[in-house]
Amino acid sequence: MITPDQIRASRAALGWSAAHLATESGLSLRTIQSAETNNELMIRKSSLLAIKAALEAAGIEFIGSPGDGPGIRLHAKPSK
């Protein structure tokens with residue numbers, strides 16, 4: 001699963017605010033904030049999957065694993 005650091009790094013790479021990520025993922029701003037502060041009691045797996053899907057659709061690739069060098073790569077979105 002993705003880490004709070006990966007979520008924040010992804011937003012920074014895309015130039016997105018937390019509010020923009022909330023809109024793109026269909027979640028509340030509070031959910032995004034909880035995911036970014038590692039408040040595991042407040043975030044569901046389905047919410048993390050929605051965040052991950054929104055960021056991947058924007059060109060983010062998640063690399064590594066939570067216990068082994070998690071990070072991101074930014075890929076150009078294919079032109080339409």
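Begin by selecting E36, which is buried in this predicted model, with a relative accessible area of 9%. Keep E36 on display and add R11, because R11 is buried as well, its relative accessible area being 16%. The side chains of these two residues meet in a salt bridge, with 2.5 Å from N to O. Since R11 belongs to helix α1 and E36 to helix α3, the pair ties together parts of the chain that are 25 residues apart in sequence.

Next, select the whole of helix α1, residues 4–14, and colour P4, Q6, I7, S10 and R11, which are the residues to look at here because they are buried. Looking along the axis of the helix, you can see why they belong together: they cover an arc of only 165 degrees around the axis, which puts them on the same side of α1. Turn to the other side of α1 and you will find D5 and A12, both exposed. If you then bring back the surroundings of the helix, what covers its buried residues includes α2, α3, α4, β1 and β2. Before leaving this helix, step just past its end to G15, where phi is positive, at about 75 degrees.

From the buried side of α1, pick out I7 and show its contacts. Leaving aside residues up to four places away in sequence, I7 touches I2, L21, A35, E36, L48, I51 and L55, so E36, where the tour began, appears again among the contacts of I7.

What does I7 belong to? It is one of the 16 residues of the largest nonpolar core, and together with L21, I51 and L55 it touches the most other members. To see where this core comes from, select α2 (18–25), α3 (29–36), α4 (45–57) and β1 (60–65), each of which supplies at least two of its residues. Among these elements, α4 gives the most to the core, with four residues.

Stay with helix α4 and select K52 and E56. These two side chains form a salt bridge in which the closest N and O atoms are 3.0 Å apart. The residues lie four apart in α4, which means that about one helical turn separates them. Buried or partly exposed: how do E56 and K52 count? E56 counts as partly exposed, at 35% relative accessibility, and K52 is likewise partly exposed, at 25%.

Now move to the strands, selecting β1 together with β2, residues 68–74. They pair in the antiparallel sense over five bridges, and they form a hairpin with two residues between them. Near the turn of your selection, look for S65, which stands opposite D68 in β2.

Within the same pair of strands, show the side chains of E61 and R73, which form a salt bridge with the closest N and O atoms 3.3 Å apart. This pair links distant parts of the chain, with R73 in strand β2 and E61 in strand β1, 12 residues apart. Both ends count as partly exposed, R73 at 42% relative accessibility and E61 at 30%.

As a last step, you may display every salt bridge together: a search of the whole structure finds four, among them the pair of R11 and E36, that of K52 and E56, and that of E61 and R73.

Key
Residues numbered from 1 in each chain as written. Predicted model: local features only at pLDDT ≥ 70, side-chain atom pairs only at ≥ 80, totals over all residues. Heavy atoms only, no water. Core = buried A, V, L, I, M, F, W, Y, C linked by side-chain atoms within 4.5 Å. Buried < 20%, exposed > 50% of the residue type's maximum accessible area, 1.4 Å probe, protein only. Contact = heavy atoms within 4.5 Å. Pairing = 2+ DSSP bridges. Arc of directions from axis to C-beta.
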